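Hi everyone, thanks for making time. Have a look at the sequence and the structure, and then I'll walk you through a few places.

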Amino acid sequence: MSATGFLSQLLQLAIALLLAPILVGWVNQCRAWLSNRSAPPLLQPYRMIRKLFNKDAVVAENASWLFRMTPYIVFAAMALAAAIVPSLATDLPFAQAADAIALVGLFALARVFAALAAMDIGTAFGSMGARREMFVGFLAEPALLMVLFTASLISGSTSLPTIVDTLAHREFAIYPSLAFAGVAFTMVSLAENARIPIDNPATHLELTMIHEAMLLEYSARHLALLEWASALKLFNYSCIGLALFVPFGIAEGSADWLAILGATPLLIVKLAGGGFALALIETLSAKLRIFRAPEFLGTAFLLAVLGMLVNLMLGS
Amino acid sequence: MPMNIPLWAQLINLLAAVLLLLAFAMLAQRRVLTLINLFAAQGFALACSTAIVAFATHQPHLYWSVGLTLVLKVLVLPWLLHRLIVRLDVKWDVEGLINIPTTMLLGIVLVVFAFNLALPISQLANTVTRATLGIAMASVMLAFLMMITRRKAIPQVIGFLAMENGLFFAATSATYGMPMVVELGIGLDVLVAMLILGVFFFQIREQFDSLDLQHLEKLKE
């Protein structure tokens, strides 16, 4: 572990924490533009978080420690994931500790705690949201693993920095299997981040919401942390997507400071492009009925499997 | 491994993957309109790969085949199909005999089967892009599956056309093209088949008031 690695780890974490709410603001802005509404300011999520931190928390009488701890656990899991996913540099001390499979496990940990906390209070909406979240989660997880395995087959390692090093810094080659993995990954990340074909992040209508239903009982700093965590989740998924499919520009293992600083504006540009694409997909598609979700995510899983098959067939 | 094959062969591998991806998307699609657009996109991918083969192997006669594919499969046939569904008023309904997730699972099994089948065959070939033979066979079989599992006439015809796309891809990319006469023949065959089937659609609907081909299985009223 080098000093540069340690510093780039810190820088990457700070940038993830700072940029995540702005990414959500940017996606909301694009969505507003695309549907001809006047857009909220870019920093609106920050104002929201600040407002919530300044309020007094109201906790239900029969809430257990689980309910109070969950926001911190979920936030910590997402922040740790942000430290593992190589978004700026590949020389990350944290990334040595956890590979792609552990990363999926980290997301699962956050999901399980959020679902348990939603059921802890015992309201109908909380348990409904939790049930649906687990339902979507158990379908999305294998598809995400398959996407990561396709990339692992190419680079011969499940460690994300190695995958990025293989894809970005060796001789340029086209990997057809990544086309399948890319489509599958887009579908999975739409579902995992509670985006439109599966869930609508803007709705608070009882019968359709999934993610929001789980947060209904939270207020003040707890809610702020959970909102920030879901922004971080979107940021993490975007960074995984960028690392797998457009890894160019991420600073290489033994890179100097200049490369890491140069990677930052490139990351912002790529995230802006990704955010716009997300808003475009959300504007163009309609929300699916909840019982169509297995079909949607099943397609994602099969496409990811197909990617692996094509990889074996073409040897690339 | 991808390192030691030239860039144009890598591009063809990529286009093969796109072709298979589109075949799968067609298998999963419920709407006729989107089905037609996907078919046009598949034709475009096919034209691109043929153009790359023509350029890389210096076979100018393949450019004719590119033009034929572009005009027929990207413009004329989708346009004919669009006009047909507007006049028959069947924009939305695609009904399968088995539900879509099961069809997709069958599709995966077929892909594995096709890959296994093509592996020994493609080892006999000496072209750089021989590995795409399996993908071409898989997309032929997926189109076949679509023809079998769909109940209505128009998706079955699109399945037929998509099958021809897969065959054509096998011919051009895996083996660098067929004689010009054969290509012309196949291209015109498809066009004529489409025109005749178009007439059939109207006759079937006149007779049974629907495009459900199950009505054809009964001999008498």
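Let me begin with a yardstick: the expected span of a helix is 1.5 Å times one less than its number of residues. Helices here are DSSP runs of H or I with at least four residues, and strands are runs of E with at least two, numbered from the N terminus.

Before I use that, some housekeeping. This is a predicted model, in which local features need pLDDT of at least 70, side-chain atom pairs count only at pLDDT 80 or more, and totals for chains, interfaces and linings use all residues. Residues are numbered from 1 along each chain as its sequence is written, while chains are lettered from A and ligands numbered from 1 in the order in which they are written.

On confidence, the model scores ipTM 0.77 and pTM 0.85. Chain B has a mean pLDDT of 81, with 91% of its residues at 70 or more; pLDDT is the predictor's confidence in each residue, from 0 to 100.

Now back to the yardstick. Helix α8 of chain A, residues 177-192, has 16 residues and should span 22 Å, and its end C-alpha atoms are indeed 22 Å apart. How many of the residues of α8(A) are buried? The count is 16 of the 16, so α8(A) is largely enclosed by the rest of the structure. By buried I mean that 20 or more other C-beta atoms lie within 10 Å of a residue's own; exposed is 12 or fewer, partly exposed is in between, and the C-beta atoms are placed from the backbone.

Let's pick one residue in that helix. A:A191 lies in α8 of chain A and is buried, with 24 other C-beta atoms within 10 Å. Leaving aside neighbours within four places in sequence, A:A191 is in contact with A:V136, A:A140, A:I198, A:F296 and A:L297. Contact means that the C-beta atoms of two residues, placed from the backbone, lie within 7 Å. For A:A191 and A:V136, the C-alpha atoms are separated by 7.1 Å, with these positions 55 residues apart along the chain.

Just past this helix there is a backbone point to look at. α8(A) is followed by A:A194, in the loop between α8 and α9 (211-214) of chain A. A:A194 has a positive phi of about 55° although it is not a glycine. Most residues other than glycine have a negative phi. A:A194 is buried, with 21 other C-beta atoms within 10 Å.

Chain B has a case to put beside it. B:H58 is not a glycine either, and its phi is positive, about 50°. You'll find B:H58 in the loop between α2 (32-56) and α3 (61-88) of chain B. Is B:H58 buried or exposed? B:H58 is exposed, with 7 other C-beta atoms within 10 Å.

Next, a helix pair in chain A. Helix α1 (residues 3-34) and helix α10 (residues 220-245) pack at an angle of about 95°, their axes 8 Å apart. That makes α1(A) roughly perpendicular to α10(A). For the terms, axes are lines fitted to C-alpha atoms, for helices over the stretch in contact, and angles run from 0 to 180 degrees between N-to-C directions. Under 35 degrees is roughly parallel, over 145 roughly antiparallel, 65 to 115 roughly perpendicular, and the rest oblique. The residues that meet include A:A16, A:L19 and A:L23 from α1(A), and A:W228, A:L232 and A:F235 from α10(A). By class, this contact has 11 nonpolar, one polar and no charged residues. Here Ala, Val, Leu, Ile, Met, Phe, Trp, Tyr, Cys and Pro count as nonpolar, Asp, Glu, Lys and Arg as charged, and the others, Gly among them, as polar.

α10(A) is mostly covered, with 23 of its 26 residues buried. The yardstick works here too: α10(A) should span 38 Å, and its end C-alpha atoms are 38 Å apart.

Last stop, the interface. Where do the two chains contribute? The contact takes 24 residues from chain B and 22 residues from chain A. On the chain B side, α1 (7-28), α4 (100-124) and α5 (132-149) each supply at least two residues. Of these, α1(B) gives the most, with 11 residues. The chain B side divides into 21 nonpolar, three polar and no charged residues.
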